[in-house]
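Please read the following explanation alongside the sequence and the 3D view. The text goes from the whole chain to its parts.

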Amino acid sequence: MQPLPRFGEHAPRPGRFRRAWRAAHEPVAGVSRRMRLTAFAVVLAVLPSSLWRLPAAFDHGIGIGERLYVVFLSVLSEAFAFTAFGLIARWGEVFPRWVPFVGGRRVPMMVAVVPATIGAAFLTFLWTVLTSVTQVMGTTIRGEELPDDFPGSAGGWEGVWFHICYTPLVLWGPLLAVLTIAYYKRRRAAERPSVTTGAQSLSA
């Protein structure tokens with residue numbers, strides 16, 4: 001048990017990493033526990049496929065360009081998945097101080113809602129609909145037959161492991177859509193009292 005600070009002493013401040021973690025993940029007032037878990041679910045849904053790609057970057061016979069591409073694709077996928085926290089955390093409602101020109105200002109609601117809606121629709125079409133249909137039909141997205149070396153067609157644990165890692169991606173788009181709707185409703189409800197107050201002052 002950590003002793004309490006003596007009179008005149010300052011309580012120990014959390015480390016820089018912990019403060020950054022809280023700022024990135026801590027939900028704002030009005031965010032339910034269910035929405036917070038949904039944001040974590042988005043990141044966890046993308047993580048298995050990102051990790052599945054990484055061993056391919058270290059296979060023999062792969063050029064440096066292909067290795068960098070595989071690593072970059074995994075990092076980029078997780079970076080996009082992490083933006084889901086912007087729909088529950090403060091940095092999704094107020095620009096961080098370090099952002100040039102707009103730091104500290106309130107994020108316009110539609111600046112967050114429109115990209116999130118487009119992203120949710122695209123991801124739902126790509127992973128939930130298109131990829132699921134092509135897997136059932138045994139074709140690529142272009143409608144061509146799957147190549148013989150396609151990981152999902154491999155037998156044994158290799159094929160099972162591929163499907164375990166990539167199946168959670170079908171949830172990415174729908175989960176992001178749920179967060180987007182909740183974000184829109186929360187921001188709309190927060191801005192409504194100010195609009196009502198302004199209308200009442202004008203009528204008075």
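In this predicted model, residues 24 or more positions apart supply 67% of the contacts in the protein that have a separation of 6 or more. The secondary structure consists of six helices and zero strands, so written from the N terminus the order of elements is α-α-α-α-α-α, with helices being DSSP runs of at least four residues. The protein has 204 residues, and 29% of them are buried. Its accessible surface is about 14400 Å², and carbon and sulfur atoms account for 67% of that.

The interior comes next. In soluble globular proteins, nonpolar side chains tend to be buried together. The largest nonpolar core here has 31 residues, and the members that touch the most others are Val42, Ile88, Trp127, Trp172 and Leu179. Two or more residues of this core come from each of helix 2 (33-53), helix 4, helix 5 (156-166) and helix 6 (172-203). Helix 4 contributes the most, with eight residues. Trp172 shows what such a core member touches: leaving out residues up to four places away in sequence, its partners are Val42, Val46, Ser77, Phe80, Ala81, Leu123 and Trp127.

Helix 5 has a buried side and a face turned away from it. Gly159, Phe162, Cys165 and Tyr166 are buried in this helix. These residues lie on the same side of helix 5, because the arc they cover around the axis is only 130 degrees. The buried residues of helix 5 pack against helix 2 and helix 4. On the face turned away from the buried side, Gly156, Trp157 and Trp161 are exposed.

Not every buried residue is nonpolar. Ser74, in helix 3 (residues 64-82), counts as buried because its relative accessibility is 4%, and the cut-off for buried is under 20%. Apart from neighbours within four places in sequence, Ser74 is in contact with Ser50, Arg53 and Leu54.

Charged residues are the next topic. Side chains of opposite charge can pair when their charged atoms come close. The model has three salt bridges. In one of them, Arg106 pairs with Glu93, with the closest N and O atoms 3.8 Å apart. Both Arg106 and Glu93 are in the loop between helix 3 and helix 4, 13 residues apart. Glu93 also forms a salt bridge with Arg186, where the closest N and O atoms are 3.1 Å apart. Arg186 lies in helix 6 and Glu93 in the loop between helix 3 and helix 4, so this pair ties together parts that are 93 residues apart in sequence. Glu93, Arg106 and Arg186 are thus linked in a network of salt bridges. Arg186 and Glu93 are buried, whereas Arg106 counts as partly exposed at 43% relative accessibility.

Arg187 and Glu191 also form a salt bridge, at 3.4 Å from N to O. Both lie in helix 6, four residues apart, which is about one turn of the helix. Arg187 is buried, with a relative accessible area of 1%, while Glu191 is partly exposed at 28%.

The last stop is the surface. Phe125, Val129, Val133, Val136 and Met137 make up a nonpolar patch there, with about 520 Å² of accessible area together. Phe125 belongs to helix 4 (residues 109-137) and counts as partly exposed, with a relative accessibility of 47%. Helix 4 is also the element that gives the most residues to the largest nonpolar core.

Notes:
Residues are numbered from 1 along each chain as its sequence is written. This is a predicted model: local features need pLDDT of at least 70, side-chain atom pairs count only at pLDDT 80 or more; totals for chains, interfaces and linings use all residues. Side-chain values use heavy atoms; hydrogens and water are left out. Patches are made of residues with over 30% relative accessible area and no salt bridge: like charges are joined within 9 Å, nonpolar side chains (Val, Leu, Ile, Met, Phe, Trp, Tyr) within 5 Å. Accessible areas come from the Shrake-Rupley method with a 1.4 Å probe; for residues, only the protein chains shown count as cover. A salt bridge is a side-chain nitrogen of Lys or Arg within 4 Å of a carboxyl oxygen of Asp or Glu. Buried means under 20% relative accessible area, exposed over 50%, partly exposed in between (1.4 Å probe, protein chains only). Contact means heavy atoms within 4.5 Å. A nonpolar core is a set of buried Ala, Val, Leu, Ile, Met, Phe, Trp, Tyr and Cys residues joined through side-chain atoms within 4.5 Å. The arc is that of the directions from the helix axis to the C-beta atoms.
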